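Let's take a walk through this one together. Have a look at the sequence and the 3D view, then read on.

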There are 2 protein chains.
Amino acid sequence: MKTIEIKSAWNGNSNCEACSIRSSALFAELNEEDFSKIHSPIDDLSFEAYANIYTQGDSSQSLYTLREGYIKLLHINPNGSSRIVRVVLPGNLFGMEALLGEHYEHSAVALTNVRLCRIPKVIISSLGEESPRLHRQIVKKWGEALSQSESWFSEINTGRIEVRLAHFLLKLAKELGSSAIAPLFRREDMGLMMDVKFETISRALASMAEQGLLTNITRLSVQIPSIEALRRFSERGI
Amino acid sequence: MKTIEIKSAWNGNSNCEACSIRSSALFAELNEEDFSKIHSPIDDLSFEAYANIYTQGDSSQSLYTLREGYIKLLHINPNGSSRIVRVVLPGNLFGMEALLGEHYEHSAVALTNVRLCRIPKVIISSLGEESPRLHRQIVKKWGEALSQSESWFSEINTGRIEVRLAHFLLKLAKELGSSAIAPLFRREDMGLMMDVKFETISRALASMAEQGLLTNITRLSVQIPSIEALRRFSERGI
DNA sequence: CGTCGTCTTGATGGGCATCAATACGTGTGG
DNA sequence: CCACACGTATTGATGCCCATCAAGACGACG
């Protein structure tokens, strides 16, 4: 039996006022006076790919904002099967259930190396008493999460697998002129997101490469020679 | 060509302080003083089954709480296909995107005859300035919506269709001792929720009746002779 | 270089889509 | 009140897409 080592690192306490992603993060609307009211430490943490951030059912003491990398949120069903309910992108908030209940309602696992900020929920509740701005921002971020979760499922889980994969890639692609590069994850993870088996993901990628929609498929990324062509494919299935 | 008549009725302005579902609704935490600050009218409306409440892309001026009946929220994809992203149950809040942006991000359509309250968003923003209680309640309701949406998809969209249908029925069933009765909707709507065609829903219902899991299937409802048996089936697929 | 985990590719079978025909229910008009 | 039309639900036949089982390739790492 092998011990599973979860690798993480503490990068210090966050300086939120100077944070590079502050404009897109939770504390965007806070001013200097608000920051002076933050006393509990906000930790800046790094995790390696596949590390566990928290597990469904854990006592929820903090919520998080993702700075770099990708995270999957998975819901584990009573029968043991699991399903990826959301992919967290940089700038997104996750673990907000901490504010409501005592336990996380899903597990958060790193898909890549990640860097994130851990915000103790006591900060939110104490600061929330005094700062309507913070509450507004939470409502806004939360709403974005809901709407991303809904459109994620709607677009990633309808139609033939190749079409779904096209939507998935378009959501994550970083444009470089008319072409682009999109990250890939473990085929099994991608299968959980789109509700197919990993072999099917593999076949779909190969088939789309044959059609000229994708090139240069590796474990971790894929090139999209023409975003326009892929978008047409995703909309019309051609 | 036939004109489609959308039938709705105005039941008057809501008296939120005396509302029967107030404890589970948005204004649960407000006190008398807060209510005195509400000036815009909150309408109490009724819609017939299949009526449109609002449409994706409409200018969003209000959010809603459902009092009676069921509502489907559908997301319409760029390619024209649509998918039910959430089913709204009595006491739930919907249309919260109104607070964030200028347009609704999905359409809301009545599955049955419904009764609901329409809350202009100006109430929330003006009241929100002064009442942290209301903001807390919005965050809470919104979080419930997110978590329902996630668990909805996770449990209703994994596995064989009969298993998914079992989860669906268990979520909506009203217990009567050891048996129960669950509402059904149009087969096409149910198909959109579980991502199958309406014929498949029909076949699944028939097959589960043959197995003794369901009896008395009609257009609008179905009897569950043993909730326990259905739950075992939903968890183990037997 | 060998092992292990992951990815790819092949063969077969099952579940759902699709097309089609029929049955049921509700409302309309004769 | 019955006949008919229309929307919805059921049931059947066929084919496609994906799951499953299996074997082999590739890459990372000790």
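## Getting started

Before we talk about what sits by the DNA, one bit of vocabulary: a residue counts as near a strand if one of its heavy atoms lies within 4 Å of it. Also keep in mind that this is a predicted model.

## Around DNA strand D

Which element gives the most to the surface near DNA strand D? That's helix 7 of chain B, with five residues. Elements giving two or more residues also include helix 5 (161–172) and helix 7 (198–210) of chain A. Sorted by class, this surface has 12 charged residues, four nonpolar ones and two polar ones.

Of the 18 residues around the strand, the ones that come nearest are I161(A), T200(A), R187(B), S202(B) and R203(B). S202(B) puts a polar side-chain atom 2.8 Å from a phosphate oxygen of DNA strand D. K197(A) uses its backbone instead: a polar atom there is 3.2 Å from a phosphate oxygen of the strand. With E199(A), the partner is a base nitrogen, 3.3 Å from a polar atom of the side chain. Looking at the DNA atoms within 4 Å of the protein, 60% belong to sugar or phosphate, and the rest to bases.

## Two matching chains

How do the two protein chains relate? Turn chain A by 180°, shift it 0.1 Å along the axis, and it can be laid on chain B with an RMSD of 0.1 Å. The two copies are therefore related as by a two-fold rotation axis. In chain A, L146(A) has the C-alpha nearest that axis, at 2.5 Å. Both copies use the same surface, too: 100% of the contact residues of chain A recur in chain B.

## A buried serine

Is S234(B) buried or exposed? Its relative accessible area is 2%, and under 20% means buried, so S234(B) is buried. You'll find S234(B) in helix 8 (residues 227–236) of chain B. A polar atom of the S234(B) side chain lies 2.8 Å from the backbone oxygen of R231(B).

## Two residues with positive phi

Y50(A) isn't a glycine, yet it has a positive phi of about 75°. Look for Y50(A) in the loop between strand 2 (43–47) and strand 3 (52–54) of chain A. Y50(A) counts as partly exposed, at 42% relative accessibility.

D195(A) isn't a glycine either, and its phi is positive at about 60°. This residue lies in the loop between helix 6 (187–194) and helix 7 of chain A. D195(A) has a relative accessibility of 34%, so it counts as partly exposed.

Definitions and conventions. Residues numbered from 1 in each chain as written. Chains lettered and ligands numbered in written order. Predicted model: local features only at pLDDT ≥ 70, side-chain atom pairs only at ≥ 80, totals over all residues. Heavy atoms only, no water. Least-squares fit on C-alpha atoms with pLDDT ≥ 70 in both. Contact = heavy atoms within 4.5 Å. Helix = DSSP H or I, 4+ residues; strand = E, 2+ residues; numbered from the N terminus. Buried < 20%, exposed > 50% of the residue type's maximum accessible area, 1.4 Å probe, protein only. Polar contact = N/O pair within 3.5 Å; in protein donor to acceptor, adjacent residues only side chain to side chain. Nonpolar A, V, L, I, M, F, W, Y, C, P; charged D, E, K, R; others polar.
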